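Hi there,

Here is the structure I promised to pass on to you. Have a look at it first, and my notes follow underneath.

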Amino acid sequence: MDGSSTYAPSAPAGAGTLGMELETPLIFEQGAPGRSGASLPPREGFPDVDPQALLGAAYREESAHLPEVSEPEAFRHYVRLSRQNFAIDLGMYPLGSCTMKYNPKVNEWAARLPGFGRIHPFAPDARIQGALELVWRLEQALAEICGMDRVSLHPAAGAHGELAGLMMIRAYHQAQGRSPRKVLIPDTAHGTNPASCALNGLEAVPFPVDEAGVVLPEQLAPLITDDIAAVMITNPNTVGLFESNIKEIADLVHAKGGLVYGDGANLNAIMGRGRPGDFGIDVMQLNLHKTFTTPHGGGGPGCGPVAYKQILDPFAPVPVVEKDESGQFRLDYAGRPDSVGRLRSFHMNFGMVVRAYTYIRELGAEGLTRASELAVLNANYLRARLADAWHVAYDRVCMHEVVLNDRKLRETGVTTMDIAKRLMDFGFHPPTVYFPLVVKNALLIEPTETETRQSLDLFVDAMNQIAKEAQEAPEIVKQAPHHTRLKRLDEARAARKPVLRWRPPTADAD
Ligand SMILES: *Cc1c(COP(=O)(O)O)cnc(C)c1O
C-alpha cells in the first residue's frame, strides 16, 4: 500500500519545456503599429461601399485598439497560453461533481462534419432534416436512459435545465389554478438549486440530511404540506451517496400534489443501472457536458437537456422537434399554447448534441452501463486506498465520488486549500474543495471511469505523500504550489484589488 516514500513530486505535464518559463505579455502588449496578419482587399477597390451606411449604429469613429500582430505572433501567443493551462487531455482532473471525463475525439470529428458544423440557425426545416433527426434521436435515447417520456435539448447548461424544469413545474401548478411557492431542498444540494428557485419566484426551503448523508422520509414528511411546489433532489447526492429512499419520498410529495425535480448532474454514477423516471422523478436535467462527454471547464459551451414525464409535456419549451407520419421532422412553435416559451435565441448548443449522440452510439447500452460501473469502482478504489491517511467523511460504499476532509491533519495547520494547491505540484488538477458544505473543509474527489488503475495509484501516492509532508514538513504544503508557473497567489489582494481589464496606455499615463 505504500508507494509514497518513493514517489517524488514532478512538475505538471508540459511544465519546464520551452515557453512555460517565458513571461507571456498580453496580446495587446505585443506587435507593432501597422502590423497585421490579415489581408483584406484595399478600400479603394469598393468605391460604392459606404461603411458608415453599411454598419449604421455599429460604425465607430475612433480606433478599436485591436492588437496589431502578425499571424505567427497571434498563433504563438495562444499556443503558449494553452501550454500554461491544465486540461483533461493533460492529466487526471478529479473535480468532484463536475465529471471531468475524457472526451473521445471521434465526437469532435462528428461535430465538425460540414452538414452539422455549417448549418445556419435560420435554415428551413426541409433543408436540415438530418440535423432534426439527430436531435429527435438524441431526445429518444436520453428519455430511454432516464426513464422519462420526453426531453428538450434547449437548455445551455445544467443550471439552465434546472431553471427550465422549475418553470415547467410552476406552469403545471398554475394550469390547475394553484400556485404553491415552496421547494424543499436538502442541504447537500448544489448551489444552483436554490438559485434556480429564486429565478422562478419560488422559495427554496432547505432541510438537513441525516448523519448518514441521505434524506430520510420520516424527517421530510412533516415538511411536505399543500404549499409545496416540489422537492428538488440530487441522486446520487453531492456527498456521493445514493438516495435509497427516493421512491418513498416521491410518493409522499405526489400525495400532496407536489412534483419531484431530480438534479441529474450525477447521472454518471447510475447510467444504465437505474432510471430516475422509475424512482418517481417527474422532471430532471442532464448535463451532456458531464455524463455524455461534451467538453467543459473552459473548453466549450454546455448543454443541460430537461427530461420530463408526460404530465409536463404541454409546458415544454418551444420549439419542439416533431416527426409526422411521412417521417418528416419539423420545429413546432405554434401547437403549444401552454409552453413556458423559448429558453434562448436559436435552438440549442447543437455541437454538444452531435457529440453526445456520437458518444451514446459509440458505447451503446452495454458501454454506458460499463462506464457508470467503472466510475463507481474507481471512486471506491480511491476511498479504500486513501482511508488510512485521510478521514473519509462517510465511510461506506460510495457512488461515483468520495468526500475526504482535513480532520486527520488538524494539528499540522495544513488546510484543505493547501492540499489542493500541493496536488498541482504532482500534476493533478485539485478536487473540488469546501463543497459539499455539509462536510467541513471537504475535498470532493470524482475520478470518473476514464482513469486507469495506474493514474489512480499515482493520485493515491501523491495524496499520501502530502499527508506525510503535512506531518513532517508542513511548510512545503502550506507554501505550495512550487512547480507551477505562478506560485502561491495573494488571494486577499486578488479579491480586493482585482485587475480584470487591460486599458490602452494614455498619453498622460506614466
Ligand atoms: C454541475 C452541477 C450543476 C450545474 O450544472 P452547470 O452545467 O454547471 O450549470 C447542478 N447540480 C449539480 C449536482 C452539479 O454537479
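Please keep in mind that this is a predicted model. I will begin with the ligand, since that is probably where you will want to look.

The ligand is surrounded by 14 residues, and the closest are S97, G158, D263, H289 and K290. Sorted by character, that shell consists of 3 nonpolar, 8 polar and 3 charged residues. Two helices, α6 (158-175) and α10 (288-291), each contribute at least two residues to the shell. The largest share is that of α6, with 3 residues.

Three contacts may be handy if you set up the ligand for your own work. On the oxygen side, a polar side-chain atom of S97 sits 2.7 Å from a ligand oxygen. G158 brings a polar backbone atom to 2.7 Å from an oxygen atom of the ligand. For nitrogen, the partner is D263: an N or O atom in the D263 side chain is 2.6 Å from a nitrogen atom of the ligand. As for cover, the ligand on its own has 380 Å² of accessible area, and the protein covers 87% of that.

Next, the sheet. How are the strands of the open sheet ordered? There are 4 of them, in the order β10-β11-β13-β12, and the pairing is antiparallel. The edges are taken by β10 (391-392) and β12, and each of these has a single partner strand, so one side of each has no neighbour in the sheet. In general, strands of a sheet pair through backbone hydrogen bonds, in either a parallel or an antiparallel way.

Going across the sheet pair by pair, this is what turned up:

- β10 and β11 run antiparallel and are joined by 2 bridges; here V392 stands opposite L404 in β11.
- β11 (residues 402-405) is joined to β13 by 4 bridges, again antiparallel; N405 faces A442 of β13.
- β12 (residues 432-433) and β13 share 2 bridges and run antiparallel; V433 has L443 in β13 as its bridge partner.

Strand β13 (residues 442-445) deserves a closer look. Its side chains alternate: A442 and L444 point one way, L443 and I445 the other. Are these four residues buried or exposed? All of them are buried.

Then the cysteines. How many disulfides does a search of the whole structure find? The search comes back with 0. C98, for instance, is in no disulfide, and the nearest cysteine sulfur, which belongs to C398, is 17 Å away. In terms of accessibility, C98 counts as partly exposed because its relative value is 23%, whereas C197 counts as buried because its value is 0%.

One last residue to point you to is D457, which lies in helix α13 (residues 453-472). Its relative accessible area is 19%, so D457 counts as buried; the cut-off for that class is under 20%. The D457 side chain has a polar contact of 2.5 Å with the side chain of Y381.

That is what I have for now. If you open just one view to start with, I would suggest the ligand with S97, G158 and D263, which are among the closest residues around it.

Best wishes

Key
Residues are numbered from 1 along each chain as its sequence is written. This is a predicted model: local features need pLDDT of at least 70, side-chain atom pairs count only at pLDDT 80 or more; totals for chains, interfaces and linings use all residues. Side-chain values use heavy atoms; hydrogens and water are left out. Buried means under 20% relative accessible area, exposed over 50%, partly exposed in between (1.4 Å probe, protein chains only). Two strands pair if DSSP finds at least two bridges between them. A residue is near a molecule or strand if one of its heavy atoms lies within 4 Å of it. A polar contact is a pair of N or O atoms within 3.5 Å; within protein, one must be able to donate a hydrogen and the other to accept it, and residues adjacent in sequence count only if both atoms are side-chain atoms. Accessible areas come from the Shrake-Rupley method with a 1.4 Å probe; for residues, only the protein chains shown count as cover. Ala, Val, Leu, Ile, Met, Phe, Trp, Tyr, Cys and Pro count as nonpolar, Asp, Glu, Lys and Arg as charged, and the others, Gly among them, as polar. A disulfide is a pair of cysteine sulfur atoms within 2.5 Å.
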